[in-house]
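I opened a fresh page for a structure I had not met before. These are my notes, in the order I looked things up.

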Amino acid sequence: MRLENRRRLYVRVSWNEIHRQMREMASWVYDLILSGRKIDIVVGVSRGGMPFATVLARELNIRENIEVIGVSSYRGEKQVAGAKIIKPLHPDILAKIVNGGENMIVLDDLVDTGNTFRELRKLWPNALYATIRSEEHTS
């Protein structure tokens with residue numbers, strides 16, 4: 001279903017379609033695990049990445065080490081340069097991160113400017129980063 005207003009186009013996608021896409025992503029991550037990469041931490045970027053992190057963790061049978069990180073590149077409704085961590089990971093999760101994050105996957109719902117992932121890559125350059133949707137940023 002498409003809903004339009006003057007400024008935005010909204011496309012409603014069913015939960016079944018989202019879940020199907022997350023199962024495809026889980027299959028990709030599982031293949032990486034089978035090839036020797038250990039993934040035992042799933043991080044969702046608040047708020048959009050949270051539901052995807054939950055589904056991915058379920059599909060990969062990860063029961064522990066599911067966490068949310070809050071990152072903001074907006075002040076009000078205005079997008080600003082750079083991103084700021086407003087809710088860090090729990091210290092117990094931080095203690096389990098190895099080799100620059102190579103045992104974790106970070107999910108967000110959308111990438112427009114790339115600022116969020118760029119900021120997180122400074123902390124965990126070896127983590128996997130995945131998004132559900134990308135937009136070309138024009139400004």
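**Entry 1: salt bridges**

I began with charged pairs, and I kept in mind that this is a predicted model. How many salt bridges does the structure hold? I found six. As a reminder to myself, side chains of opposite charge can pair when their charged atoms come close.

I went to Arg20 and Glu17 to start with. Their side chains meet in a salt bridge, at 2.6 Å from N to O. Both residues sit in helix H1, which covers residues 15-34, and they are three residues apart, about one turn of the helix. I checked how open they are: Arg20 is partly exposed at 33% relative accessible area, and Glu17 is partly exposed at 26%. I also noted that this pair has company, since Glu17, Arg20 and Glu24 are linked in a network of salt bridges.

I then looked up a pair in helix H4, residues 115-123. Glu119 and Lys122 form a salt bridge there, 3.2 Å from N to O. They too are three residues apart, about one turn of the helix. Are these two buried or exposed? Glu119 is partly exposed, with a relative accessible area of 22%, whereas Lys122 is exposed, with 62%.

My next pair was Lys87 and Glu67, whose closest N and O atoms are 3.3 Å apart in a salt bridge. Lys87 lies in strand S5 (residues 78-87) and Glu67 in strand S4 (residues 66-75), so this bridge ties together parts that are 20 residues apart in sequence. Lys87 is partly exposed at 34% relative accessibility. Glu67 comes out at 12%, and it counts as buried because the limit for that label is under 20%.

**Entry 2: the chain as a whole**

I stepped back to get my bearings. The chain has four helices and seven strands. Read from the N terminus, the order is β-β-α-β-α-β-β-α-β-α-β. It has 139 residues, and 35% of them count as buried. The accessible surface comes to about 9100 Å², and carbon and sulfur atoms account for 50% of that.

I also asked how far along the sequence the contacts reach. Among contacts between residues at least 6 apart in sequence, 59% join residues at least 24 apart.

**Entry 3: the nonpolar cores**

Which residues have the most contacts inside the largest nonpolar core? I wrote down Met22, Met25, Val42, Leu56, Ile105 and Leu107, in a core of 17 residues. The elements that give two or more residues to this core are H1, helix H2 (50-59), strand S6 (104-111) and strand S7 (128-134). H2 gives the most, with five residues.

That sent me to H2 itself. Its buried residues include Phe52, Ala53, Val55, Leu56 and Ala57. After H2 comes Asn61, and I noted its positive phi, near 60°.

I picked Leu107 for a closer look. Leaving aside neighbours within four places in sequence, Leu107 is in contact with a good list of residues, among them Met22, Met25, Val42, Phe52, Leu56 and Ala130. A second, separate core has 16 residues, including Ile69, Ala83, Ile97 and Phe117.

**Entry 4: Asp108 and Thr116**

I saved a buried charge for the end. Asp108 is found in strand S6. Which side chain of opposite charge is nearest to Asp108? The answer is Arg47, 9.4 Å away. Asp108 has no salt bridge, since pairing would need a side-chain nitrogen within 4 Å of its carboxyl oxygen.

What does Asp108 touch instead, beyond four places in sequence? My list has Val45, Gly48, Gly49, Thr116, Phe117, Ala130, Thr131 and Ile132.

Thr116 was on that list, and I followed it up. Thr116 is found in helix H4 and is buried, with a relative accessible area of 14%. Not counting residues up to four places away in sequence, Thr116 touches Val45, Val71, Ser73, Ala83 and Asp108. Val45 is in contact with Asp108 as well, and I closed the notebook there.

Key. Residues numbered from 1 in each chain as written. Predicted model: local features only at pLDDT ≥ 70, side-chain atom pairs only at ≥ 80, totals over all residues. Heavy atoms only, no water. Buried < 20%, exposed > 50% of the residue type's maximum accessible area, 1.4 Å probe, protein only. Contact = heavy atoms within 4.5 Å. Areas by Shrake-Rupley, 256 points an atom, 1.4 Å probe, with all protein chains shown as cover. Core = buried A, V, L, I, M, F, W, Y, C linked by side-chain atoms within 4.5 Å. Lys, Arg positive; Asp, Glu negative; His and termini not counted.
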